[in-house]
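Hello,

I'm passing on the structure we talked about, along with some notes on what turned up in it. Please have a look when you get a moment.

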Amino acid sequence: MRRSILTAAALAALFLAAGCSDEPEARRPSPTAATASSGRPAQAPAAQAPGLDLPKNAQILVAETTGTKDQELPAFTPLEGAYTLYAACEGTGKVAIVDRDSSNPHPVTCNGVHTVGVVYEDKKPQHLTIQVTGGTSVWKIAVVSGNHQS
């Protein structure tokens with residue numbers, strides 16, 4: 001009982017910790033960028049989830065993973081009794097992170113908002129799933145050991 005209350009409280013705090021940020025200047029196209037020639041219309045590039053800006057020298061538990069549909073993340077064990085999730089997405093679908101030991105989805109805000117949150121948990125294997133509903137979205141997530149909330 002105590003674990004589920006702590007997990008629920010920690011995951012709730014995780015998703016309340018989302019912050020906004022603009023796309024970095026380096027990713028914006030140059031106004032003088034080359035355009036398609038040969039008479040064919042240029043295809044629009046597929047949407048990509050923004051970068052996650054992980055802390056340097058952090059112990060990576062789940063490397064940056066990108067997807068467009070439901071996916072189970074590899075199991076990981078927090079080394080310090082806590083882990084920090086970094087998530088971002090772009091698109092029209094709704095993206096959520098679900099602890100497979102619970103059925104309570106925790107939303108990730110898409111389109112320019114990065115989600116960063118710390119989950120305090122025992123040093124035992126963690127099992128997370130990414131869920132996409134109601135449209136299409138490209139998501140990106142990574143997990144690092146310890147509290148890296150800033």
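Strands here are DSSP runs of E, at least two residues each, numbered from the N terminus. By that convention, His106 is found in strand β6. I'll come back to that histidine below.

Before anything else, please keep in mind that this is a predicted model. The protein chain has a mean pLDDT of 73, and 66% of its residues reach 70 or more. Confidence varies along the chain: strand β3 (residues 71-72) has the highest mean, at 95, while strand β1 (residues 19-20) has the lowest, at 38. Strand β1 also belongs to a longer stretch to treat with care, since pLDDT stays under 50 over residues 1-46. The model does have 45 contacts beyond four places in sequence for those residues. Still, where pLDDT is low, the predicted coordinates should not be read in detail.

Now to the sheet. Four strands form an open sheet in the order β3-β8-β5-β6, and their pairing is antiparallel. At the edges are β3 and β6 (106-108), each of which pairs on one side only. As you know, strands of a sheet pair through backbone hydrogen bonds, either parallel or antiparallel. Strand β5 (residues 94-99) and β6 run antiparallel and are joined by three bridges.

Which residue of β6 is the bridge partner of Ile97? That is His106, the histidine I mentioned. Is His106 buried or exposed? With a relative accessibility of 8%, His106 falls below the 20% cut-off and therefore counts as buried. Its side chain also reaches the backbone oxygen of Asn104, at a distance of 3.2 Å.

Two residues in the loop between β1 and β2 may interest you for their backbone angles. Most residues other than glycine have a negative phi. Asp53, however, has a positive phi, near 55°, and Asn57 has a positive phi too, near 60°. Asp53 lies in the loop between β1 and β2 (60-67), and Asn57 has its place in that loop as well. Where do they stand on accessibility? Asp53 counts as exposed because its relative accessibility is 71%, over the 50% cut-off. Asn57 counts as exposed because its value is 82%.

If you open the model, His106 in strand β6 and the loop with Asp53 would be my suggested places to begin.

Best wishes

Note on methods. Residues numbered from 1 in each chain as written. Predicted model: local features only at pLDDT ≥ 70, side-chain atom pairs only at ≥ 80, totals over all residues. Heavy atoms only, no water. pLDDT = per-residue confidence, 0-100. Contact = heavy atoms within 4.5 Å. Pairing = 2+ DSSP bridges. Buried < 20%, exposed > 50% of the residue type's maximum accessible area, 1.4 Å probe, protein only. Polar contact = N/O pair within 3.5 Å; in protein donor to acceptor, adjacent residues only side chain to side chain.
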